[in-house]
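Work through the exercises below with the structure open beside you. Try each task before reading its solution.

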Amino acid sequence: MQTLGFLGPRGTHSEAAAMFLSDKIGGAELRPYPDIFSVMQAAADGEVDSCVVPVENSLEGAVNVTMDTLAQADDLAIERELIWDIHNQLMAKDAAAEIHAIYSHPQPLAQCRGYLKEHFPKAKLVATESTAKAAEIVSKGEPGAAAICTARAGELYGLSAVATEIQDSMTNSTRFYQLRRRPVPVVDESKGGRALIVCQIDGARAGSLCAVLEEFAGRGVNMTRIVSRPARTGLGVYIFFFDLEIEAGKSREPLEASIEAVRQKSIWLKDLGRFPVLEK
């Protein structure tokens, strides 16, 4: 049986995504890790066959540690992308108690800021390593404490619902990548999907980014997302991630030609793979 790492502990959104992917691949042994870097390193080292990590949230944007680690990893590529609807619940050991402290991962705290401001403006907000860790802390009995977490985490730690579906947007979703050591299977050309590249261009030269974008536009390649991150080599030096659409049933020659052209205009370029996109 395959092994699949995820951002633990049990009860996180990442575990839910991993359980869904496990079903898709015919079953896997799920292994939790304490942080995103650790689970990605486990996949890179072969400690697990693959891993699931969050990449972007529709409300809060890119998950920077995932993007930065991907840029630096030489052995990892993307096998699948999963779009996962996020549902945040407010859970407490005593649902009737007055709440003075709310624990959660920084992302859910941000995703629910409007609700928290309206209903618990005086509550102390405490960031934790994960939503499940927040549920664990609250389960230990601090009076007046609550956690923003999944319903599963609340169940695992014996909590009751204070309020359900408290995210500020009902379209709240997170993009996950399933990562595996190279090489990974390629997308069937008839089905389509995505490609992801990351590169560093000469930012000191006027029009460098525009010239790169023209390589995609001129060949009719649809760029669905661009993310910039510090290159960590000096102030004002950046790298760029480009999400590119693979259209079902169409030739990949324009896509491959545009990537090669961008490679020629880059200081360096890393190709992170071709992969299908699943939605749940």
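The exercises go from the whole chain to single residues, and the model they use is a predicted one.

**Exercise 1. The overall fold**

Task: Count the helices and strands in the protein chain, then judge its compactness from the radius of gyration.

Solution:
- Step 1. The protein chain has nine helices and 16 strands.
- Step 2. Its radius of gyration is 21 Å, and the globule rule gives 19 Å for 280 residues. These values are close, so the chain is as compact as a globular protein of that length.
- Step 3. Along the principal axes, the C-alpha atoms fill a box of roughly 60 × 45 × 35 Å.
- Step 4. Take the contacts between residues at least 6 apart in sequence: 77% of them join residues at least 24 apart.

**Exercise 2. Surface and charge**

Task: Describe the burial, the accessible surface and the placing of charges in the protein chain.

Solution:
- Step 1. Of the 280 residues, 51% are buried.
- Step 2. The accessible surface is about 13000 Å². Carbon and sulfur atoms account for 51% of that area.
- Step 3. The chain carries 30 positive and 37 negative charges. Their mean positions lie 1 Å apart.

**Exercise 3. Two aspartates**

Task: Place Asp-243 and Asp-68 in the fold, then list what each one touches beyond four places in sequence.

Solution:
- Step 1. Asp-243 sits in strand 14, residues 238-246. Its relative accessible area is 0%. The cut-off for buried is under 20%, so Asp-243 counts as buried.
- Step 2. Asp-243 touches Glu-81, Arg-175, Tyr-177, Ala-195, Leu-196, Asn-222, Met-223, Thr-224 and Arg-225.
- Step 3. Now look for charged partners. A network of salt bridges links Asp-243 with Glu-56, Glu-81, Arg-175 and Arg-225.
- Step 4. Asp-68 belongs to helix 3, residues 64-72. At a relative accessible area of 7%, Asp-68 is buried.
- Step 5. Asp-68 is in contact with Arg-229 and Arg-232.
- Step 6. Asp-68 and Glu-215 are 147 residues apart in sequence, and their C-alpha atoms are 24 Å apart.

**Exercise 4. Salt bridges**

Task: The structure holds 19 salt bridges. Take the pairs Arg-263 with Glu-260, Glu-247 with Lys-250 and Glu-136 with Lys-140, and give the N to O distance and the exposure of each partner.

Solution:
- Step 1. In the pair Arg-263 and Glu-260, the closest N and O atoms are 3.5 Å apart. Both residues belong to helix 9 (residues 253-264); being three residues apart there, they are separated by about one helical turn. Arg-263 is partly exposed at 33% relative accessibility. Glu-260 is partly exposed too, at 39%.
- Step 2. Glu-247 and Lys-250 meet at 3.3 Å, N to O. Glu-247 is partly exposed, with a relative accessible area of 33%. Lys-250 is partly exposed at 48%.
- Step 3. Glu-136 and Lys-140 have their closest N and O atoms 4.0 Å apart. Glu-136 is partly exposed at 22%. Lys-140 stands at 62%. Exposed means over 50%, so Lys-140 counts as exposed.

**Exercise 5. A buried alanine**

Task: Is Ala-134 buried or exposed, and which residues does Ala-134 contact beyond four places in sequence?

Solution:
- Step 1. Find Ala-134 in helix 6, residues 131-139.
- Step 2. Its relative accessible area is 0%, so Ala-134 is buried.
- Step 3. Its contacts are Tyr-103, Ser-104, Thr-128 and Ala-147.
- Step 4. Met-91 is 43 residues from Ala-134 along the chain, and their C-alpha atoms are 9.7 Å apart.

**Exercise 6. Backbone exceptions**

Task: Inspect the peptide bonds from Gly-8 to Pro-9 and from Arg-182 to Pro-183, then the phi angle of Glu-165.

Solution:
- Step 1. Start from the background: most peptide bonds are trans, and most residues other than glycine have a negative phi.
- Step 2. The bond from Gly-8 to Pro-9 is cis, with omega near 0°. Pro-9 lies in the loop between strand 1 (2-7) and helix 1 (13-24).
- Step 3. The bond from Arg-182 to Pro-183 is cis, with omega near -5°. Pro-183 is in the loop between strand 11 (173-181) and strand 12 (193-200).
- Step 4. Glu-165 has a positive phi, near 50°. Glu-165 lies in the loop between strand 10 (160-163) and strand 11. With a relative accessible area of 33%, Glu-165 is partly exposed.

Key: Residues are numbered from 1 along each chain as its sequence is written. This is a predicted model: local features need pLDDT of at least 70, side-chain atom pairs count only at pLDDT 80 or more; totals for chains, interfaces and linings use all residues. Side-chain values use heavy atoms; hydrogens and water are left out. Helices (H or I, at least four residues) and strands (E, at least two) are DSSP runs, numbered from the N terminus. The radius of gyration is taken over C-alpha atoms; the globule rule is 2.2 Å times the number of residues to the power 0.38. Buried means under 20% relative accessible area, exposed over 50%, partly exposed in between (1.4 Å probe, protein chains only). Contact means heavy atoms within 4.5 Å. Accessible areas come from the Shrake-Rupley method with a 1.4 Å probe; for residues, only the protein chains shown count as cover. Lys and Arg count as positive and Asp and Glu as negative; His and the chain ends are not counted. The place of a charge is taken as NZ of Lys, CZ of Arg, CG of Asp or CD of Glu. A salt bridge is a side-chain nitrogen of Lys or Arg within 4 Å of a carboxyl oxygen of Asp or Glu.
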